[in-house]
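Biologist: Let us go through this model together, one point at a time. Please give the reasoning before each value or name.

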Amino acid sequence: MRLTPRQGAPPPEPSEFTREDAALALIGLFPIAAIAWAVLAQSKYVAALAQLGSLFEREESHGLATNQRASAAEKQKDKALHKARLAVKSADKAYYVLGVLNVAITAYIAGAAPRHYYLWHTPKALVLVAVRWYTFLQQGKHWLLADFCYWANLIGLLYLWRYRESALLFQVFFMVSNGPVAWSVLAFSQSLIFHSHAHMTSVFLHLSPLVVTWTLRWNATPGFTVCDPECGRNPLLLLADGTRYFYLPWILGYYLLVFIVLGDFLKRNAYQTLFDRVTTTGPSAKVLTALFRRFGVTGDLAQRAVYMLMHLIFGVVTMGLATIYWHSFVAHTAFLLTILTASIYNAAGYYFTVFSQRYEKGVDEQIKQAQLEPPKGC
């Protein structure tokens, strides 16, 4: 017998659209819109530079026969230069808007639907690391991806998608994300520069794992185990687990593989590692140089051993502080806001000092590069 609605019965009420539904909609729709907009902006930028390069290529191959033709060609070239400058700036504006929207949506999801934040974190982690690997590969910097923060992000993804029942893995992830990874924002002056893909990727890799652990630690999420059986674990055990299960294995593996097994290979090919960066730029370079001189450390492997020892000390100290955040929601939230504020402050310094002076010059350099290397083929 077929059942029909009772005559005159009111229609069923629509399901309530909750904050979590809004967060899930943003998670699903924003990446698609962002990619489409970025591709459109980049295509206009590439097309403008291609047109400019073609003009210079024709000018060099055919020459100019008369003053009239030269004047016309000069006007056409000026017009193409203007168009190229507008295209570069339009692309940067698009990336800036996407960067600001990303921060706003991230804050909304973390606050309104913290149980779903890992869905927002995961695709960005995969895409941004893949893009960074590709760009670094072109620059001979891809061995930088062997560094600590990338492995820390990897164990986070392993926990989120493969070992959700492992409280131990989450606690190790918590220690490294709220320890050396987050504190690297301060150590390396990571900056929330919205129009810069490289800077936004660096901030994401160091800050988003902290947000993931904050959302899971303080919001019971079905399917995820963060404490076993209770969360009031001894701070020394938390520190010991982060050190022995992740930090020490990474340090030993990195030293043996990058510095001993592949050391000569990396030098011959001029591939850059984080040791090269740390010992040549920034305040850490002065500290390490002073240590090398003070203790008479001269050999390459000896200097690298001292660097790894400093890395270990930095990690243990910051993970020790992370045990406080594990036991206190207020302390953890304050720490998250402090690291975020530091990245914003660093970006403010960049925009008001460096960026204002370099931006116009940078646009001209990109256009000049297109002139020197005109596009080949179609």
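Biologist: Which residue forms a salt bridge with Arg233?

Modeller: This is a predicted model, and side-chain atom pairs count only at pLDDT 80 or more. For Arg233, the closest N and O atoms of the pair are 2.6 Å apart, and a salt bridge requires such atoms within 4 Å. The partner is therefore assigned on distance, under that cut-off. The residue that pairs with Arg233 is Asp241.

Biologist: Is Asp241 buried or exposed?

Modeller: Buried means under 20% relative accessible area. Arg233, at 24%, counts as partly exposed. Asp241 has a relative accessibility of 2%, so the class of Asp241 is buried.

Biologist: Which other arginine forms a salt bridge with Asp241, and in which helix do the two lie?

Modeller: The closest N and O atoms of this second pair are 2.9 Å apart, and the arginine is Arg244. Arg244 is partly exposed, with a relative accessible area of 46%. Arg244 and Asp241 are three residues apart, about one turn of the helix, and both lie in helix 7 (residues 235–261).

Biologist: How many salt bridges does the structure hold?

Modeller: Two of them have been named already, Arg233 with Asp241 and Arg244 with Asp241. A further salt bridge joins the side chains of Lys267 and Asp300, at 2.5 Å from N to O. The number of salt bridges in the structure is three.

Biologist: Which helices does the pair of Lys267 and Asp300 link?

Modeller: The two residues are 33 residues apart, and the pair links distant parts of the chain. Lys267 counts as partly exposed at 48% relative accessibility, and Asp300 counts as partly exposed at 38%. Lys267 belongs to helix 8 (residues 263–268) and Asp300 to helix 11 (residues 300–327), so the linked elements are helix 8 and helix 11.

Biologist: Which residues are joined into one network by salt bridges that share partners?

Modeller: Asp241 pairs with Arg233 and also with Arg244. The shared partner joins the two salt bridges, and the network consists of Arg233, Asp241 and Arg244.

Biologist: How many helices and how many strands does the protein chain have?

Modeller: Read along the sequence, the pattern is α-α-α-α-α-α-α-α-α-α-α-α. Among contacts between residues at least 6 apart in sequence, 81% join residues at least 24 apart. The count for the protein chain is 12 helices and zero strands.

Biologist: Which residues touch the most other members of the largest nonpolar core?

Modeller: Of the 378 residues of the protein chain, 42% count as buried, and the largest nonpolar core has 77 residues. Leu216 illustrates the packing: not counting residues up to four places away in sequence, Leu216 touches Tyr159, Leu160, Phe170, Thr221, Phe224 and Val226. The core members that touch the most others are Phe148, Leu216, Phe259, Tyr307 and Met308.

Biologist: Which helix gives the most to the lining of the second largest pocket?

Modeller: About 1,200 Å³ of space lies in this pocket. The pocket is lined by 37 residues, and Ala187, Phe188, Gln190, Leu274 and Val278 lie nearest its centre. Several helices each supply at least two lining residues, among them helix 3 (117–139), helix 4 (148–161) and helix 5 (167–187). With five residues, the helix that gives the most is helix 6.

Biologist: Which residues other than glycine have a positive phi, and where do they lie?

Modeller: Ser189 has a phi of about 50° and is partly exposed, with a relative accessible area of 44%. Phi of Ala270 is near 55°, and Ala270 is exposed at 62%. Ser189 lies in the loop between helix 5 and helix 6, and Ala270 in the loop between helix 8 and helix 9.

Biologist: Which two residues are joined by a cis peptide bond?

Modeller: The omega angle of this bond is about -5°. Pro229 lies in the loop between helix 6 and helix 7. The two residues joined by the cis peptide bond are Asp228 and Pro229.

Biologist: Over which residues is the pLDDT below 50, with zero contacts beyond near neighbours in sequence?

Modeller: The chain averages a pLDDT of 81, and 74% of the residues score at least 70. One stretch has pLDDT below 50 and zero contacts beyond near neighbours in sequence, namely residues 1–7.

Notes. Residues numbered from 1 in each chain as written. Heavy atoms only, no water. pLDDT = per-residue confidence, 0-100. Contact = heavy atoms within 4.5 Å. Core = buried A, V, L, I, M, F, W, Y, C linked by side-chain atoms within 4.5 Å. Buried < 20%, exposed > 50% of the residue type's maximum accessible area, 1.4 Å probe, protein only. Helix = DSSP H or I, 4+ residues; strand = E, 2+ residues; numbered from the N terminus. 1 Å grid on protein atoms, 1.4 Å probe; cavity = no way out; pocket = protein on both sides within 12 Å on 5 of 7 lines; lining within 4 Å. Points joined across faces, edges and corners; volume = space filled by probe spheres on them.
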